[in-house]
Amino acid sequence: MNPTHLTGPVLILGSGLLGASIGLGLRAHGIDVVVSDPSPSAEAVAVDIGAGRAFNAAEVLSPELVVVAAPPDVTAAVVAGALQTYAAAVVVDIASVKVAVATELVGILGPDKGMLERYVGTHPMAGREKSGPVAALGELFNSMPWVLCPSEVSSKHAVKVAHSLAIDLNAVVFRFTPDEHDAAVALVSHLPQVMSSLVASRLQETPPHALSLAGNGLRDVTRIAASDPALWVQILGANAPKLLEIMQGVRADLDRLINTLRAPTAPGARLDLAQLMAEGNAGQTRIPGKHGGPAQQYTWLTVLVDDRPGQIARLLTEIGHIGVNVEDLRMDHSAGLQVGMVEISVLPSKRARLVEDLTERGWKVIL
């Protein structure tokens, strides 16, 4: 067993994807985890997959930590109940909005700082399009950001325990104020979700023969449009003020683009379109890449692969024998042909050598 910072027991209130994944991750360290959920079937599934033992109301439980993994619209109430029930426990929540939860919690508990000292708002920036405990993964938080948003009254001990939870799950810890957090996630998480859903909604009446032309670009843009609508209704509503500021900027850009496209050959129109694309280029390069480094430090090449078992594994093995490290990898399929296209990201200094060696070994490389 790996060393841990938490000693347990840890009580997890909510056995959805994140709650069950936290349970699996902590159980891998041998920590005693108790799982409770308003849905008996969801709780039973979480227990069956090994995320913890079932909550027993008759047991006198003294948890070191209570993790509230409830939907955002009930998070504050559940946190308040946990603080009142478990007088010695640190309580954290993992909701994706922080200001609304903190404000509601103060409204429930009043100005007494005693219980609030034991509370820390947190947000693990990890997830999947799938939901529920059946989709849980103990490794879900590995190397993913985990934001701590302590209030002005959160005790040092409470912050330390919250930090220990993230570290024990192999996450990368960041510290934001609740307001800073909500502004950041509005841009890097909530806006992409809205834009993905808006693009995907355009596909509802699209003829199948048109969709047969879709490639990785459309799939990449619309991947997260498969997310749970019920959850996102709560998230977007709770963080509406921060998201609205950004969406108004997006609307201004859309209005600018629409006006330009009404007369695409008018003087200055092509320059405006070029500037719009260049602004996107500039923003995209600011997204951290591998190991947090610049996203544009790698170059891509495409290799055609027969659509049969073992070919991708053979390609990666041969790249390893050549001595080139694969920094990233994407796959697509050719429409109408039994071949796949494997896009490989490598250091620019390695690209020419890799193309030459793969070609000599019989692979077809598209430059």
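**View 1. Helix α1 is largely enclosed by the rest of the structure, since nine of its eleven residues are buried.** This is a predicted model, and the close-up takes in residues 17–27. The buried set in α1 runs to L17, G19, A20, S21, I22, G23, L24, G25 and L26. What sits over them? The cover includes the strands β1 (10–13), β2 (33–36), β4 (65–68) and β7 (145–149), along with the helices α2 (40–48) and α6 (156–168).

**View 2. D32, R53 and E59 are linked in a network of salt bridges.** One piece of that network is the E59 to R53 contact, with N to O at 2.9 Å. How accessible are the two partners? E59 comes out partly exposed at 29% relative accessibility, and R53 is partly exposed too, at 32%.

**View 3. D93 and K98 pair up through a salt bridge.** Here the N to O distance is 2.8 Å. Buried or exposed? D93 is buried, with a relative accessible area of 0%, and K98 is buried as well, at 2%.

**View 4. E279 and R256 form a salt bridge between two helices.** The side chains meet at 3.3 Å, N to O. E279 belongs to α12 (residues 269–284) and R256 to α11 (residues 240–261), so the pair ties together parts 23 residues apart in sequence. Both ends are partly exposed: E279 has 43% relative accessibility, while R256 has 23%.

For context on views 2 to 4, the structure holds eleven salt bridges. Side chains of opposite charge can pair when their charged atoms come close.

Notes. Residues are numbered from 1 along each chain as its sequence is written. This is a predicted model: local features need pLDDT of at least 70, side-chain atom pairs count only at pLDDT 80 or more; totals for chains, interfaces and linings use all residues. Side-chain values use heavy atoms; hydrogens and water are left out. Buried means under 20% relative accessible area, exposed over 50%, partly exposed in between (1.4 Å probe, protein chains only). Helices (H or I, at least four residues) and strands (E, at least two) are DSSP runs, numbered from the N terminus. Contact means heavy atoms within 4.5 Å.
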